[in-house]
Amino acid sequence: MIKNGSDFILNKPIVMVGLMGAGKTSVGRALSRQLGIPFIDTDKEIEAAAGCSVVDIFSLYGESEFRRVEQRVISRILNSAPSVKVISTGEGAFITTEVRKELLKKAITIWLKADLDILVKRTNFRDTRPQLLNADSRKILSQLINERYHIYASADITVETKDESLRKTLNKVVEALNSYIKEKEKNV
């Protein structure tokens with residue numbers, strides 16, 4: 001257990017979940033700096049393990065193989081030292097039942113919820129999103145919102161992100177995390 005610069009005592013990983021473009025990596029990296037704990041991006045870890053990019057894994061082996069690799073990598077990260085860290089997951093990780101169960105059991109999950117316009121704005125003109133390559137991003141993101149937001153809603157904490165500064169979103173995350181941990185400590 002460590003006492004961070006904030007009010008709360010943190011004793012397990014914090015995992016950022018949500019759709020592509022929600023800010024999981026940016027906010028997660030900023031949160032880790034503020035708390036003084038390590039940051040891990042699961043997509044980068046998957047690429048290191050596979051020796052190729054996420055886009056290449058999708059195109060060469062398909063999404064189901066990517067999800068199997070992702071599950072193994074996330075489990076390894078959750079169960080390795082240090083126990084307290086911030087983890088940014090890919091947008092589909094929390095949708096996989098086994099991954100979601102493990103995350104909800106072993107971590108504090110934070111869903112960064114963003115509306116469609118923000119997601120489209122943040123993901124346009126990037127070639128690192130396999131599902132959006134050569135596709136209508138608004139249509140795909142709208143479909144993903146309809147399919148996945150009810151699943152993301154099972155995260156421990158939900159923070160709505162707006163078209164706002166990283167600092168403002170980070171402050172909302174820290175405030176929500178403080179409230180969540182205080183509530184948990186009160187109920188112990």
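Which residues touch the most other members of the largest nonpolar core? In this predicted model, they are Ile14, Leu31 and Ile110, out of 59 residues in that core. The element that gives the most to the core is helix H8, residues 166-186, with 7 residues. As background, nonpolar side chains in soluble globular proteins tend to be buried together.

Take Ile14. Leaving out residues up to four places away in sequence, Ile14 touches Leu31, Leu35, Lys85, Val86, Ile87, Ile108, Ile110 and Leu177. So two of the three names I began with, Leu31 and Ile110, are on the contact list of Ile14.

Now the sheet. It is open, has 5 strands with parallel pairing, and runs in the order S4-S5-S3-S6-S7. Strand S4, at 39-41, and strand S7, at 157-161, are the edges, each pairing on one side only. From one strand to the next, the twist averages 20 degrees.

Let me stay with S6. Strand S6, residues 108-114, runs parallel to strand S3, residues 14-17, and 4 bridges join the two. With S7, the pairing of S6 is also in the parallel sense, over 5 bridges. Ile110 has a partner in each direction: Met16 stands opposite Ile110, and in S7 the bridge partner is Ile157. How much of S6 is covered? Of its 7 residues, 6 are buried.

After S6 comes helix H6, residues 116-123. Asp115 caps the N-terminal end of H6, with a side-chain oxygen 3.2 Å from the backbone nitrogen of Asp117. The buried residues of H6 are Leu116, Ile118, Leu119, Val120 and Thr123. Those residues pack against S6, S7 and helix H7, which covers 137-152.

Next, a loop residue. Where is Thr89? Thr89 sits in the loop between strand S5, at 86-88, and helix H5, at 97-106. Is Thr89 buried or exposed? The relative accessible area of Thr89 is 3%, and the cut-off for buried is under 20%, so Thr89 counts as buried. Beyond its neighbours within four places in sequence, Thr89 is in contact with Val15, Met16, Val17, Lys24, Thr42 and Ile74. For Met16 there is a polar distance to quote as well: the backbone oxygen of Met16 lies 2.9 Å from a polar atom of the Thr89 side chain. Thr89 and Met20 are 69 residues apart in sequence, and their C-alpha atoms are 9.7 Å apart in space.

Two of the Thr89 contacts, Thr42 and Ile74, come up again in the last item, a helix pair. The axes of helix H2, residues 42-50, and helix H4, residues 63-78, come within 10 Å and cross at roughly 110 degrees. Angles from 65 to 115 degrees count as roughly perpendicular, and H2 and H4 therefore fall in that class. On the H2 side, the residues that meet H4 are Thr42, Asp43, Glu45, Ile46 and Ala49. On the H4 side, they are Phe66, Val69, Glu70, Val73, Ile74, Arg76 and Ile77.

To close, back to the opening: Ile110 is one of the residues touching the most other core members, and Ile110 is bridged to Ile157 in S7.

Key: Residues numbered from 1 in each chain as written. Predicted model: local features only at pLDDT ≥ 70, side-chain atom pairs only at ≥ 80, totals over all residues. Heavy atoms only, no water. Core = buried A, V, L, I, M, F, W, Y, C linked by side-chain atoms within 4.5 Å. Buried < 20%, exposed > 50% of the residue type's maximum accessible area, 1.4 Å probe, protein only. Helix = DSSP H or I, 4+ residues; strand = E, 2+ residues; numbered from the N terminus. Contact = heavy atoms within 4.5 Å. Pairing = 2+ DSSP bridges. Axes fitted to C-alpha atoms, helices over the stretch in contact; angles between N-to-C directions. Polar contact = N/O pair within 3.5 Å; in protein donor to acceptor, adjacent residues only side chain to side chain. Parallel < 35°, antiparallel > 145°, perpendicular 65-115°, else oblique.
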